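Visitor: I am new to this structure. Please show it to me and take some questions.

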Amino acid sequence: MTYTIKEAVIDLILEKHAGVGYYIQGRCEEDLSEVKLLNGNNLSFTYEDAIARRKKLDNDEPMKILREERDHRLAETDWWVLPDRIASQEQKDYRQALRDITETQTPTLDENGQLTNVTWPTKPE
């Protein structure tokens, strides 16, 4: 996924002006003149900050998707560790490998936005 400047601006507003309403007219593709805070204050960031945030969002996207998929796979196996069950060592190892995956893998996205460069642990039966 490639983020737009407008999405980066919204991300910055939510971080730097939490709880303040805002209005954006247009796409913010050249400057921030069409971005208004409803409380009348000025933005605390520049257009260059928005460009940098867009790059950061783009760079962080593969790890975000990896975490979402990891969380889904962990949720699918939560029942293995319920108090009335005894998880096998294979099941424990699988879940630990999923928890460690953000430290052991370097995900990328292909041209279709699909996660690549990730080797998932094998789910035990």
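Guide: What follows is a set of questions and answers on the overall build and on one residue.

Guide: This is a predicted model, in which local features need pLDDT of at least 70, side-chain atom pairs count only at pLDDT 80 or more, and totals for chains, interfaces and linings use all residues. Residues are numbered from 1 along each chain as its sequence is written, and side-chain values use heavy atoms, with hydrogens and water left out.

Visitor: In what pattern do the helices and strands follow along the sequence?

Guide: Helices (H or I, at least four residues) and strands (E, at least two) are DSSP runs, numbered from the N terminus. The protein has 3 helices and 4 strands. Read along the sequence, the pattern is α-β-β-α-α-β-β.

Visitor: Is the protein more spread out or more compact than a globule?

Guide: The radius of gyration is taken over C-alpha atoms, and the globule rule is 2.2 Å times the number of residues to the power 0.38. For 125 residues that rule gives 14 Å, and the protein has 20 Å, well over it, so the protein is more spread out than a compact globule.

Visitor: Is threonine 102 buried or exposed?

Guide: Threonine 102 sits in helix 3, residues 89-104. Buried means under 20% relative accessible area, exposed over 50%, and partly exposed in between (1.4 Å probe, protein chains only). Threonine 102 has 15% relative accessibility, so it counts as buried.

Visitor: Which residues does threonine 102 touch?

Guide: Contact means heavy atoms within 4.5 Å. Leaving out residues up to four places away in sequence, threonine 102 touches Met63, Leu66, Arg67 and Arg70.
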